[in-house]
Amino acid sequence: MTKSSAHEWTARLQQLLGREREILVELVLALADFDRQRAYLELGYSSLWDYVHRAIGQSETMTHYRVSAARFVQRFPQAVEPLRAGRLCITTLATLAPVVTEANCDAVLAEAMEKPKREVERIKARLAPKPVPRDVVRKAPAPFPGKVAQSPVQVELLTEELARRHVTTDREFEELLAGARSALSHAMPGASELEILKQGLRCIVRDHEKRKGLTERPRPPRQPTARPSPDAAISRPVRRAVWQRDQGRCQWPTEDGGICGSRQRVEFHHVIDRGKGGPSTEDNLILACAVHNQYAADQTWGREFMEKLRRHGAGRLTAAVAPRAPPRRRRR
Ligand SMILES: [Zn+2]
């Protein structure tokens with residue numbers, strides 16, 4: 001596809017999305033009117049929710065969002081304009097509905113404009129924090145030798161093999177988990193949280209065993225075998241500098257002047273391809289996700305050629321674009 005036809009697609013999709021939003025706002029306003037007049041009673045339904053779900057045939061999730069939004073705009077009509085402009089969406093209204101009051105409405109809506117779902121949930125949690133379980137606020141036990149820390153979480157055995165663990169996490173944990181997911185995205189793409197945590201725990205145990213000299217030959221990490229990394233040609237200081245400069249995120253430019261920003265399967269990308277004499281210097285390197293690295297190779301060498309290589313050939317070019325594990329540390 002050429003860039004100009006991709007632009008035509010963008011214009012068309014934006015137009016359709018704009019129409020979708022207009023219709024959705026009209027729907028929410030109509031539902032609000034319908035609700036105000038309690039017209040569902042005439043038709044034998046006990047509530048707007050019941051009516052939308054059963055008579056209109058919307059799924060429970062859709063019903064929840066639409067009815068919540070319809071109620072919201074009845075209470076706070078100032079939400080309608082930002083809804084029309086696409087600065088608020090109905091999921092935001094549904095999330096905030098339980099915590100918005102006459103007194104805080106304007107400030108809360110202003111804060112939530114154009115925010116992703118996770119941020120909106122944070123606003124809600126700040127305004128109406130849930131009670132924090134006691135095991136979380138309890139101080140971490142002092143590391144006295146011989147004293148074993150009590151389990152800080154509830155564990156429920158489900159089967160002989162499986163247990164359910166109730167853990168309350170904090171913001172740092174969420175950030176660490178996102179970082180670990182990104183770090184493991186080559187070796188363990190799509191890994192579950194359990195797998196990511198287990199991998200981290202294995203590292204702690206292995207590290208401890210190594211330090212104490214408990215194992216003669218430390219077991220290699222349980223990961224799929226890695227291909228030799230093409231990043232090996234890039235010197236360590238350059239790798240470190242590029243990684244820090246690009247903050248571990250794909251720097252591929254988007255049309256609107258931003259960047260891709262993905263942290264999944266991030267690789268070092270030569271702006272001028274190595275095969276065309278591009279050097280492995282800080283200036284010629286950026287971080288790029290595997291999708292963009294692959295796309296760049298398609299642009300440079302032609303998609304047909306690259307697809308043939310990916311299908312049939314091992315070799316340097318394939319290794320440069322295929323998903324791969326991060327370089328392994330040499331054992332000491
Ligand atoms: Zn990318």
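User: Buried means under 20% relative accessible area, exposed means over 50%, and partly exposed lies in between. Which class does Arg-71 fall into?

Analyst: This is a predicted model. In it, Arg-71 has 37% relative accessibility. That value sits between the cut-offs of 20% and 50%. Arg-71 therefore counts as partly exposed.

User: Which residue forms a salt bridge with Arg-71?

Analyst: The closest N and O atoms of the pair are 2.9 Å apart. The limit for a salt bridge is 4 Å. The partner of Arg-71 is Asp-35.

User: How many residues apart in sequence are the parts that Arg-71 and Asp-35 tie together?

Analyst: Arg-71 belongs to helix H4 (residues 60-75). Asp-35 belongs to helix H1. The pair therefore ties together parts whose separation in sequence is 36 residues.

User: Is Asp-35 buried or exposed?

Analyst: Asp-35 has 8% relative accessibility. The cut-off for the lowest class is under 20%. Asp-35 therefore counts as buried.

User: How many helical turns, about, separate Glu-119 and Arg-122?

Analyst: Glu-119 and Arg-122 form a salt bridge, with the closest N and O atoms 3.9 Å apart. Glu-119 is partly exposed at 33%, and Arg-122 is partly exposed at 30%. Both lie in helix H8 (residues 117-127), three residues apart, so the separation is about one helical turn.

User: Which helix holds both Lys-198 and Glu-195?

Analyst: Lys-198 and Glu-195 form a salt bridge, with the closest N and O atoms 3.5 Å apart. Lys-198 is partly exposed at 34%, and Glu-195 is partly exposed at 28%. They are three residues apart, so about one helical turn separates them. Their helix, residues 193-211, is H11.

User: How many salt bridges does a search of the whole structure find?

Analyst: The pairs Arg-71 with Asp-35 and Glu-119 with Arg-122 are among them. Glu-26, Glu-81 and Arg-84 are linked in a network of salt bridges. The search of the whole structure gives a count of 16.

User: How many residues of S3 are buried?

Analyst: Strand S3 spans residues 266-270. Phe-268, in this strand, is buried at 11% relative accessibility. S3 is largely enclosed by the rest of the structure, because the buried count is five of the five.

User: Which residues of S3 point the other way from Val-266, Phe-268 and His-270?

Analyst: In a regular strand, side chains alternate between the two faces of the sheet. In S3, Val-266, Phe-268 and His-270 point one way. The residues pointing the other way, also buried, are Glu-267 and His-269.

User: What is the bridge partner of His-269 in S4?

Analyst: S3 and strand S4 (residues 285-289) pair in the antiparallel sense over five bridges. Phe-268 and Leu-287 are 19 residues apart in sequence, yet 4.8 Å apart in space, C-alpha to C-alpha. The partner of His-269 in S4 is Ile-286.

User: How many residues does the hairpin use to join S1 to S2?

Analyst: Strand S1 covers residues 154-157 and strand S2 covers residues 163-166. They pair in the antiparallel sense over four bridges. Gln-154 stands opposite His-166. The number of residues in the hairpin connection is five.

User: About how much accessible area does the nonpolar surface patch with Leu-13 have?

Analyst: Leu-13 lies in helix H1 (residues 3-36). At 42% relative accessibility, Leu-13 is partly exposed. Met-1, Trp-9, Leu-16 and Leu-17 join Leu-13 in the patch. Together they have an accessible area of about 570 Å².

User: What share of the 332 residues of the protein chain counts as buried?

Analyst: The chain comes to 15 helices and four strands. About 23,300 Å² is exposed, and carbon and sulfur atoms supply 54% of that area. The buried share of the residues is 29%.

User: Which element of the protein chain has the lowest mean pLDDT?

Analyst: The chain averages a pLDDT of 84, and 82% of the residues score at least 70. Helix H7 (residues 105-112) has the highest mean among the elements, at 97. The lowest mean, 45, belongs to residues 316-321, helix H15.

User: How many contacts does the stretch of residues 314-332 have beyond near neighbours in sequence?

Analyst: Over this stretch the pLDDT is below 50. The contacts in the model, beyond near neighbours in sequence, number 44.

How values were computed: Residues are numbered from 1 along each chain as its sequence is written. This is a predicted model: local features need pLDDT of at least 70, side-chain atom pairs count only at pLDDT 80 or more; totals for chains, interfaces and linings use all residues. Side-chain values use heavy atoms; hydrogens and water are left out. Patches are made of residues with over 30% relative accessible area and no salt bridge: like charges are joined within 9 Å, nonpolar side chains (Val, Leu, Ile, Met, Phe, Trp, Tyr) within 5 Å. Accessible areas come from the Shrake-Rupley method with a 1.4 Å probe; for residues, only the protein chains shown count as cover. A salt bridge is a side-chain nitrogen of Lys or Arg within 4 Å of a carboxyl oxygen of Asp or Glu. Helices (H or I, at least four residues) and strands (E, at least two) are DSSP runs, numbered from the N terminus. Buried means under 20% relative accessible area, exposed over 50%, partly exposed in between (1.4 Å probe, protein chains only). pLDDT is the predictor's confidence in each residue, from 0 to 100. Contact means heavy atoms within 4.5 Å. Two strands pair if DSSP finds at least two bridges between them.
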